[in-house]
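Work through these exercises with the sequence and the model in view. Try each task before you read its solution.

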Amino acid sequence: MLKPKALKEVLAQMTNGGIQSTVLLTRDGALLAYSGFEAKDAKIIAAMASSIFAAHQRVRQTPSSTVPQNIVGSGDLNMVLLDADEGKMAIAAVATQLVCMVSKTNVQLGMLKAKMDALSSYLQEPLRQVSQSNN
Amino acid sequence: MTFPQLFSHIDGIEAILIRDKDGVPVLKLPTNEAVDQLDLQTLIPSAHILQDQSSRMNLKQLKTVVTYWSARQIITYNVPPLVIIVAADTNVNTGALLNLYKDLQSIVSETLTQRA
């Protein structure tokens, strides 16, 4: 079982040092847990993160049957890092869920990736167990 | 400096696709075949979606996007009016690739000034 309070505490540990929000969501964009922004904003982030990740997944899935394996997007998509004028964003796949972090511009992409890697590996096993028990 | 020179000192780059704002390929490096084989063109719709989503999230203008796949990493540079997509091996230094953004900006602005 996932404990919502414990999950929120884990996300809160990551939400510091320029990280504005950390959100755990399902692949179809439903919010599971969040830290940082208000619930309304977290829902928007969840929807956007899901959409961005799905856009890449579509690239992978569309030509799967006809195109050779060495095309761009063959294999698993692990992480997406976005660097924009007013902030940065990282989205990573963790088991069957997604984790998204939004940061200010002063956070370096390497730090964002390192935090995301740490969070992903920490949540990987518990979320995998939950997804397995659901199947 | 030219586009091929800019990337020449980084080992492990598999292919580069430069396209204009309408998605029309402008340049394919190192060869047309290398880019076509990787099917880099399929990334174009997602580059548009990313820009759209970025604007909606109040992140404003998107500069770079890095996607890590199990087999390779894809870096997309948004340098209006061009979009530059680089496919590289997972071992390639991502920081070195990201640092090229400013050089790309200056090359693109020089090229556009010359054309004008």
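## Exercise 1: The shared sheet

In this predicted model, 10 strands form one open sheet with antiparallel pairing, in the order 2(A)-1(A)-5(A)-4(A)-3(A)-3(B)-4(B)-5(B)-1(B)-2(B).

**Task.** Find which strands stand at the edges and say why one side of each is left without a neighbour.

**Solution.**
Step 1. Recall how strands join. Strands of a sheet pair through backbone hydrogen bonds, parallel or antiparallel.
Step 2. Go to the edges. Strand 2 (31-35) of chain A and strand 2 (25-29) of chain B stand there.
Step 3. Look at their partners. Each has a single partner strand, so one side of each lacks a neighbour in the sheet.
Step 4. Add the twist. From one strand to the next, it averages 10 degrees.
Step 5. Check the pairing at the chain A edge. Strand 1 (residues 19-26) and strand 2 of chain A run antiparallel over four bridges. A:Leu24 has A:Ala33 in strand 2 as its bridge partner.
Step 6. See what covers this end. Helix 1 (residues 4-14) of chain A lies across strand 1, strand 2 and strand 5 (97-103) of chain A. Its angle to strand 2 of chain A is about 45 degrees.

## Exercise 2: Where the chains meet

**Task.** Which element of chain A gives the largest share of the side that touches chain B?

**Solution.**
Step 1. Count the residues in the contact. Chain A gives 29 residues and chain B gives 31 residues.
Step 2. List the chain A elements that supply at least two residues each. They are helix 2 (39-61), strand 3 (77-84), strand 4 (87-94) and helix 3 (109-134).
Step 3. Pick the largest share. Strand 3 of chain A supplies it, with eight residues.
Step 4. Sort the chain A side by type. It has 16 nonpolar, nine polar and four charged residues.
Step 5. Follow strand 3 across. Strand 3 of chain A pairs with strand 3 (residues 62-69) of chain B, antiparallel, over seven bridges. For A:Met79, the bridge partner in strand 3 of chain B is B:Tyr68.

## Exercise 3: The fold of chain B

**Task.** Explain why chain B is as compact as a globular protein of its length.

**Solution.**
Step 1. Take the elements. Chain B has five helices and five strands. Along the sequence they follow α-β-β-α-α-β-β-β-α-α.
Step 2. Compare two values. The radius of gyration of chain B is 14 Å, close to the 13 Å that the globule rule gives for 116 residues, so chain B is as compact as a globular protein of that length.
Step 3. Add the box. The C-alpha atoms of chain B fill roughly 35 × 30 × 25 Å along the principal axes.
Step 4. Add burial. Buried residues make up 33% of the 116 residues in chain B.

## Exercise 4: Backbone details

**Task.** Is B:Lys60 buried or exposed? Compare A:Ala95 by its count of neighbours.

**Solution.**
Step 1. Locate B:Lys60. This residue lies in the loop between helix 3 (44-56) and strand 3 of chain B. Its phi is positive, about 60 degrees, although it is not a glycine.
Step 2. Use the cut-off: 12 or fewer C-beta neighbours within 10 Å means exposed. B:Lys60 has 12 C-beta neighbours inside 10 Å, so it counts as exposed.
Step 3. Turn to A:Ala95, in the loop between strand 4 and strand 5 of chain A. Its phi is near 55 degrees, also positive in a residue other than glycine.
Step 4. Classify A:Ala95. With 16 C-beta neighbours inside 10 Å, it counts as partly exposed.

Note on methods
Residues are numbered from 1 along each chain as its sequence is written. Chains are lettered from A and ligands numbered from 1 in the order in which they are written. This is a predicted model: local features need pLDDT of at least 70, side-chain atom pairs count only at pLDDT 80 or more; totals for chains, interfaces and linings use all residues. Two residues are in contact if their C-beta atoms, placed from the backbone, lie within 7 Å. Ala, Val, Leu, Ile, Met, Phe, Trp, Tyr, Cys and Pro count as nonpolar, Asp, Glu, Lys and Arg as charged, and the others, Gly among them, as polar. Two strands pair if DSSP finds at least two bridges between them. The radius of gyration is taken over C-alpha atoms; the globule rule is 2.2 Å times the number of residues to the power 0.38. A residue is buried if 20 or more other C-beta atoms lie within 10 Å of its own, exposed if 12 or fewer, and partly exposed in between; C-beta atoms are placed from the backbone. Axes are lines fitted to C-alpha atoms, for helices over the stretch in contact, and angles run from 0 to 180 degrees between N-to-C directions.
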